[in-house]
Amino acid sequence: FEEAASLGVNFALHAGGEPMMRKDILERVSEVEDMIFPIFTNGTLIGPSYIEFLKKHLNLIPIISIEGMEHSTDERRGLGMYKRAMQSVEMLHAENLFFGTSITVTTENFDLVTSDAFVDNLRALGCKLIIYVEYVPTEPGTEDLAFGEADLAKMEDVQAHQREHYH
């Protein structure tokens with residue numbers, strides 16, 4: 001990462017599995033102060049010790065994964081995951097730490113997660129950025145959750161609106 005920073009790379013995403021399980025890696029990358037490291041996490045490991053660590057290393061940006069509201073998050077990620085994610089959001093917000101959310105967008109949750117009311121609620125909780133991830137079918141029978149051409153066009157319109165409205 002130091003070499004990447006010297007070459008002008010500004011950020012590197014940490015995702016897959018649960019990156020917070022590898023604090024050893026996060027400790028190493030936190031030393032590369034010329035780069036930002038968004039950490040895609042379900043939030044379950046964020047507690048007082050991680051909050052203190054994140055306060056010292058502001059180049060590490062937690063990105064809490066949710067799917068919308070409680071039902072859809074728990075359905076995809078497991079029972080109780082939404083509440084745990086929201087506890088992490090509350091802790092991050094209480095310490096005024098910069099964080100965001102990652103939301104897998106499907107044809108089912110699109111209207112909710114892209115609505116101004118939903119975005120305004122996340123902002124009120126201290127969320128500074130939202131990363132929308134387009135659903136890609138991984139299981140047979142879920143193809144209807146993936147975007148078609150019309151959905152992609154609608155998403156582009158929504159994002160244009162959000163960029164203008166929330167700049």
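Helices, of at least four residues, and strands, of at least two, are DSSP runs numbered from the N terminus. On that basis, strand E2 covers residues 60-66 and contains Leu-60. The model is predicted.

**Overall fold**

Eight helices and four strands make up the chain. Read from the N terminus, their order is α-α-β-α-β-α-α-β-α-α-β-α. The radius of gyration is 17 Å, close to the 15 Å that the globule rule gives for 167 residues, so the chain is as compact as a globular protein of that length. The C-alpha trace spans about 45 × 35 × 35 Å along its principal axes.

Contacts reach far along the sequence. Taking pairs at least 6 residues apart, 69% of contacts join residues at least 24 apart.

**Surface, burial and charge**

| Property of the chain | Value |
|---|---|
| Buried share of the 167 residues | 43% |
| Exposed area | about 9700 Å² |
| Share of exposed area from carbon and sulfur atoms | 53% |
| Positive side chains | 13 |
| Negative side chains | 28 |
| Separation of the centres of the two charge sets | 8 Å |

**The nonpolar core**

The largest nonpolar core holds 37 residues. Leu-26, Leu-60, Ile-66, Leu-92, Ile-103 and Val-105 touch the most other members. Helix H5, residues 81-94, gives the most to this core, with five residues.

Two of these leucines touch each other. Beyond its neighbours within four places in sequence, Leu-26 is in contact with Pro-19, Met-20, Ile-39, Tyr-50, Phe-53 and Leu-60. Leu-60, counted the same way, touches Leu-26, Val-29, Ser-30, Phe-37, Ile-39, Phe-53 and Leu-54. Ile-39 and Phe-53 appear in both sets.

Leu-60 has a relative accessible area of 2%. Buried means under 20%, so Leu-60 counts as buried. Met-35 is 25 residues away from Leu-60 along the chain, and their C-alpha atoms are separated by 8.9 Å.

**A loop residue after H5**

Asn-96 sits in the loop between H5 and strand E3, which covers 100-105. Its backbone stands out: Asn-96 has a positive phi of about 55 degrees, although it is not a glycine. The relative accessible area of Asn-96 is 66%. Exposed means over 50%, so Asn-96 counts as exposed. Leu-60, by contrast, is buried.

Key. Residues are numbered from 1 along each chain as its sequence is written. This is a predicted model: local features need pLDDT of at least 70, side-chain atom pairs count only at pLDDT 80 or more; totals for chains, interfaces and linings use all residues. Side-chain values use heavy atoms; hydrogens and water are left out. The radius of gyration is taken over C-alpha atoms; the globule rule is 2.2 Å times the number of residues to the power 0.38. Buried means under 20% relative accessible area, exposed over 50%, partly exposed in between (1.4 Å probe, protein chains only). Contact means heavy atoms within 4.5 Å. Accessible areas come from the Shrake-Rupley method with a 1.4 Å probe; for residues, only the protein chains shown count as cover. Lys and Arg count as positive and Asp and Glu as negative; His and the chain ends are not counted. The place of a charge is taken as NZ of Lys, CZ of Arg, CG of Asp or CD of Glu. A nonpolar core is a set of buried Ala, Val, Leu, Ile, Met, Phe, Trp, Tyr and Cys residues joined through side-chain atoms within 4.5 Å.
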